[in-house]
Amino acid sequence: MATKQRVSYRCGECGWTTAKWVGRCGECQAWGTVEEAGARQGVNVVKPGAVTAPAVPIGEVKAEVAHARTTGVGELDRVLGGGLVSGAVVLLAGEPGIGKSTLLLEAAARTAAHETVLYVTGEESAAQVRMRADRIGAIEPKLYLAAETDLSALVAHVEKVQPRLLIVDSVQTIGSAEATGVPGGVTQVREVAGNLVRLAKERGMSTVLVGHVTKDGTIAGPRVLEHLVDVVLHFEGDRNSRLRMVRAIKNRFGPIDEVGCFDLNERGITGITDPSGLFLSRHAEPVPGTCVTVTIEGTRPIPAEVQALVGPTEAPQPRRTSSGLDSYRVAMVLAVMERRLQAKIGKCDVFTATVGGIRLTDPAVDLALMLSVVSAAADQALPAGLVVLGEVGLAGELRPVRDVRRRLSEAARLGFTRALVPKGSLEDEAPKLERAPSRGHLVAVREPVLRTTTFAPGFEVTEAEYVWEALSHVR
């Protein structure tokens, strides 16, 4: 009996399939992306076929094959976890004009000093890439350049050049005659990426794919693209600033959320090995509305300054504007201030921002944000040489954060002399909350309970358990 054909539906964003049409994708939760994908056959029995390599005990697998090779760009190696691994596929995504092509051309030239590299461009002509290479000094005999938009032609170049490193700029511009749709579409991107991943694994060839991003900052194309590759890097930065940051979102060979800092200038792009101090403003005297904290980006402690401006307004809806900070977390901290500190900011505009274009998502920034708003509202500067760490809870408690000693060591190296941290941070223990014997409610003691210790010569650390204790220390 012939198998009855049934119509299937596929999500255009992530490739999720279903037997019935739905308005919302069950995988990526996107609306209006599920469309008819054609007839779906019944389940076919797959017969055993030829294997590419026999299965062996895991102890006999040579781990040296996955050894990372340096790209010649130290900050990029830092984010990759030491360098490029043979057969690994890396996806680098970022906004147009952010510097992706410049960074990869720089890495390609340095890698080509000791092995063959093929750079395939689908967005620019070969002459345009050559002009950029002349400007940044990326001319190497082993660096091959090809301008192609067809997948079969790209594979032919790989067959002829035999590169150890392949760079495709970008994956959305490459099309395959074997797939339907236009280049950059869901079907085309899935087909091209799948073939490039297979080619990289078969040849042990490191491959870097450049990807586009959507207007909300997410990687364009199907979500399966991120699952296919081994490493996902996100290139970010402010167009009005020379600072660029590469952040690891996924990495099978190293730590995630690692960050590399770069300086984009007329001579190309160079790594910044010590970014400490880039995100601090220079003031001869303390200024109201500013507070310094130390965030952790991967394994790197980075001091950063949080600024706030508070002013009364007659508007029925006061403005809450933030730049470089999570707006939801800013709203939470302001709510805690009004409830736990009785701060009168309900009829005031509150503007918060970071210095240098850095984006702070670390919960340890909460206390610095709160004190900067308090300082701006009172028009009174915080003590000089002070650095603040701590996560703020809804009950007004201060929660310890990770790597406090590393953060304080970096602050001391930069010349800070005082620190305010949650209670128990230096002992690596969570604060113990006492409970009332009658009803079991948390006991909120309003009297300041502070403890000051010496962390290093000339560097004092004060510990507080609640936000009102921290406020009493800086007044």
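Asp77 is buried yet has no salt bridge; Arg110, the nearest side chain of opposite charge, is 8.2 Å away. Buried here means under 20% relative accessible area, with over 50% called exposed and the range in between partly exposed (1.4 Å probe, protein chains only). A salt bridge needs a side-chain nitrogen of Lys or Arg within 4 Å of a carboxyl oxygen of Asp or Glu. Lys and Arg count as positive, Asp and Glu as negative; His and the chain ends are not counted.

This is a predicted model: local features need pLDDT of at least 70, side-chain atom pairs count only at pLDDT 80 or more, and totals for chains, interfaces and linings use all residues. Residues are numbered from 1 along each chain as its sequence is written, and side-chain values use heavy atoms, with hydrogens and water left out.

**Around Asp77**

Asp77 sits in helix α1, residues 74-80. Helices (H or I, at least four residues) and strands (E, at least two) are DSSP runs, numbered from the N terminus. The Asp77 side chain makes a polar contact with the Thr71 side chain at 2.7 Å. Such a contact is a pair of N or O atoms within 3.5 Å; within protein, one must be able to donate a hydrogen and the other to accept it, and residues adjacent in sequence count only if both atoms are side-chain atoms. Setting aside residues up to four places away in sequence, Asp77 touches Thr70, Thr71, Gly72, Gly82 and Gly83. Contact means heavy atoms within 4.5 Å.

**The annotated site**

An unreviewed UniProt entry lists Gly94, Glu95, Pro96, Gly97, Ile98, Gly99, Lys100 and Ser101 under "binding site". From this set, Glu95 and Ile98 belong to the lining of the largest pocket. UniProt annotations may be inferred rather than shown by experiment. The table covers Gly94 and Ser101; its contacts leave out residues up to four places away in sequence.

| Residue | Element | Relative accessible area | Contacts |
|---|---|---|---|
| Gly94 | strand β6 (residues 89-94) | 2%, buried | Lys100, Gly211, Val213, Phe235 |
| Ser101 | helix α2 (residues 100-111) | 15%, buried | Tyr119, Glu124, Arg132, Asp169 |

**The whole chain**

The protein chain has 10 helices and 24 strands. Of its 475 residues, 45% count as buried. Its C-alpha atoms fill a box of roughly 80 × 60 × 55 Å along the principal axes. Among contacts in the chain with a separation of 6 or more, 67% come from residues 24 or more positions apart.

Technical notes:
1 Å grid on protein atoms, 1.4 Å probe; cavity = no way out; pocket = protein on both sides within 12 Å on 5 of 7 lines; lining within 4 Å.
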